[in-house]
Amino acid sequence: MSDNTHEKLPIRMLHDRVLVTTDIPEGERRSSGGIVIPATAAVGRRLAWAEVVAVGQNVRTVEPGDRVLYDPEDRAEVEVRGVPYVLMRERDLHAVAADRFEGAVDATGLYL
């Protein structure tokens, strides 16, 4: 979802806050075999992927455009200009996709 929708948000993130947009809307999901899993189906604790849209000045490990793994149960939702986002602290992120870090000599931290 890296389009111009998120380029000039009318907000500035503070401290260690991270604003992300989720990959999949709430509701039904599909298994890898194509089976529809209804939103009411009981599943174990499942983490979700999102794209970082904005970060506060104290965020050190992610930047806008990164894909991050987070727990959808630990989130605060906010709507900006009609677009839903998830707001969280940097410490609530579980991992960062490794695309940006491949080949980096000094890459440290939790990366997939």
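Let's start with one side chain: setting aside residues up to four places away in sequence, Met-88 touches Asp-16, Arg-17, Val-18, Val-20, Tyr-70 and Leu-93. The model you are looking at is a predicted one. It contains eight strands and zero helices, and this briefing walks through how those strands pair, what they cover, and where two leucines sit among them.

**Overall make-up**

- Read from the N terminus, the elements of the protein follow the pattern β-β-β-β-β-β-β-β.
- The protein has 112 residues, and 30% of them are buried.
- About 7,800 Å² of the protein is exposed, with carbon and sulfur atoms supplying 49% of that area.
- If you take the contacts between residues at least 6 apart in sequence, 63% of them join residues at least 24 apart.

**The sheet**

- An open sheet is formed by six strands in the order E6-E7-E1-E4-E5-E8, with antiparallel pairing.
- At its edges lie E6 (76–80) and E8 (93–96), each of which pairs on one side only.
- From one strand to the next, the twist averages 45 degrees.

**Strand by strand**

- E6 and E7 are antiparallel and share five bridges; here Glu-79 has Pro-84 in E7 as its bridge partner.
- E7 (residues 83–89) is in turn joined to E1 by four bridges, again antiparallel.
- On to the next pair: E1 (residues 17–22) and E4 run antiparallel and are joined by five bridges.
- E4 also pairs with E5 (residues 67–70), in the antiparallel sense and over four bridges; Glu-51 has Arg-67 in E5 as its bridge partner.
- Is E4 mostly covered or mostly open? Strand E4 (residues 48–55) is mostly covered, as six of its eight residues are buried.

**Two nonpolar cores**

- The largest nonpolar core holds 13 residues, and those with the most contacts inside it are Val-18, Val-20, Val-62, Val-68, Tyr-70, Met-88 and Leu-93.
- Two or more residues of this core come from each of E1, E4, E5, E7 and E8.
- E4 gives the largest share of this core, three residues.
- Apart from this core lies another, of eight residues, including Leu-9, Leu-19, Ala-54 and Val-80.
- As general background, side chains in a regular strand alternate between the two faces of the sheet.

**Leu-19, a buried residue in E1**

- Leu-19 belongs to strand E1 and is one of the residues of the eight-residue core.
- Why is Leu-19 classed as buried? Its relative accessible area is 0%, and the class applies because buried means under 20%.
- Leu-19 has bridge partners in two strands: it stands opposite Ala-54 in E4, and its partner in E7 is Leu-87.
- Leaving out neighbours within four places in sequence, Leu-19 is in contact with Leu-9, Ile-11, Met-13, Glu-51, Val-52, Val-53, Ala-54, Val-78, Tyr-85, Val-86 and Leu-87.
- Leu-19 and Val-86 are 67 residues apart in sequence, yet their C-alpha atoms are 5.8 Å apart in space.

**Leu-47, a loop residue before E4**

- Where does Leu-47 lie? Leu-47 is found in the loop between strand E3 (36–37) and E4.
- Leu-47 has a relative accessible area of 34%, so it counts as partly exposed, the class in between buried (under 20%) and exposed (over 50%).
- Apart from residues up to four places away in sequence, Leu-47 touches Leu-69, Tyr-70, Asp-71, Pro-72 and His-94.
- One of these, Tyr-70, is 23 residues away from Leu-47 along the chain, while 5.5 Å separates their C-alpha atoms.
- Tyr-70 is also among the residues with the most contacts inside the largest nonpolar core, and it is one of the residues that Met-88 touches.

Note on methods: Residues are numbered from 1 along each chain as its sequence is written. This is a predicted model: local features need pLDDT of at least 70, side-chain atom pairs count only at pLDDT 80 or more; totals for chains, interfaces and linings use all residues. Side-chain values use heavy atoms; hydrogens and water are left out. Buried means under 20% relative accessible area, exposed over 50%, partly exposed in between (1.4 Å probe, protein chains only). Two strands pair if DSSP finds at least two bridges between them. Contact means heavy atoms within 4.5 Å. Axes are lines fitted to C-alpha atoms, for helices over the stretch in contact, and angles run from 0 to 180 degrees between N-to-C directions. A nonpolar core is a set of buried Ala, Val, Leu, Ile, Met, Phe, Trp, Tyr and Cys residues joined through side-chain atoms within 4.5 Å. Accessible areas come from the Shrake-Rupley method with a 1.4 Å probe; for residues, only the protein chains shown count as cover.
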